[in-house]
Amino acid sequence: MNKASVICPVSEEKVNENVVRIIAFFTILVVLAGVYFKSSIVIAAIAVDFYLRTFTSGTFSPLKYISKRFSNYLVASPKLVDAAPKKFAAGIGFLFTLSIAGLLLFHHYIAANSLAAALLICAGLESFKGFCVGCLTYTYIVLPFLSKEDSEQTTISINL
């Protein structure tokens with residue numbers, strides 16, 4: 001597999017990419033605030049938001065709600081994209097924020113800041129460039145462990 005070909009998980013569900021990018025921007029702000037104030041509670045709150053967007057429809061996600069409202073004021077028309085890679089990336093965000101919250105709780109600030117920096121880079125790429133690191137992660141880390149039948153049923157190839 002070459003670097004120009006990325007394989008993403010596929011679902012029937014579609015999401016507005018503009019909303020996803022706004023969510024990523026708000027994620028940056030909340031994570032920065034949580035790390036700056038060394039607040040495991042703020043980071044745990046965003047972990048809950050990631051959880052809601054990963055394992056449910058996201059109806060009760062505060063960041064999704066705010067971002068949808070905010071997107072109504074944008075001039076850009078909605079751009080529907082596959083929801084699966086976004087949910088996969090949110091799942092990774094959930095694991096990162098859960099880890100960051102635990103590290104902050106036990107005063108392991110360097111490790112927390114390192115994980116937060118990685119999360120901020122991923123959220124920044126999504127927010128400002130529309131580049132989903134979840135697709136790359138899925139392609140090179142998850143997909144090799146799936147059986148050929150499973151991967152063909154749940155993926156689609158995207159040329160970069």
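## S40, the core and a surface patch

S40 counts as buried, at 17% relative accessibility (buried is under 20% relative accessible area, exposed over 50%, partly exposed in between; 1.4 Å probe, protein chains only).

Q: What kind of model is this, and how are residues numbered?
A: This is a predicted model, where local features need pLDDT of at least 70, side-chain atom pairs count only at pLDDT 80 or more, and totals for chains, interfaces and linings use all residues. Residues are numbered from 1 along each chain as its sequence is written, and side-chain values use heavy atoms, with hydrogens and water left out.

Q: Where is S40 placed?
A: In helix 2. Helices are DSSP runs of H or I, at least four residues, numbered from the N terminus.

Q: What does S40 touch?
A: A101, L104 and L105, not counting residues up to four places away in sequence. Contact means heavy atoms within 4.5 Å.

Q: Now the largest nonpolar core. How many residues?
A: It has 19 residues. Such a core is a set of buried Ala, Val, Leu, Ile, Met, Phe, Trp, Tyr and Cys residues joined through side-chain atoms within 4.5 Å.

Q: Which have the most contacts inside it?
A: V31, I43, F50 and I100.

Q: Which element gives the most to this core?
A: Helix 1, with six residues.

Q: And what is V31 in contact with?
A: I43, I46, A116, L119 and L120, leaving aside neighbours within four places in sequence.

Q: Switching to F25: where is its place?
A: In helix 1, residues 17-36. F25 counts as partly exposed, at 34% relative accessibility.

Methods: Helix = DSSP H or I, 4+ residues; strand = E, 2+ residues; numbered from the N terminus.
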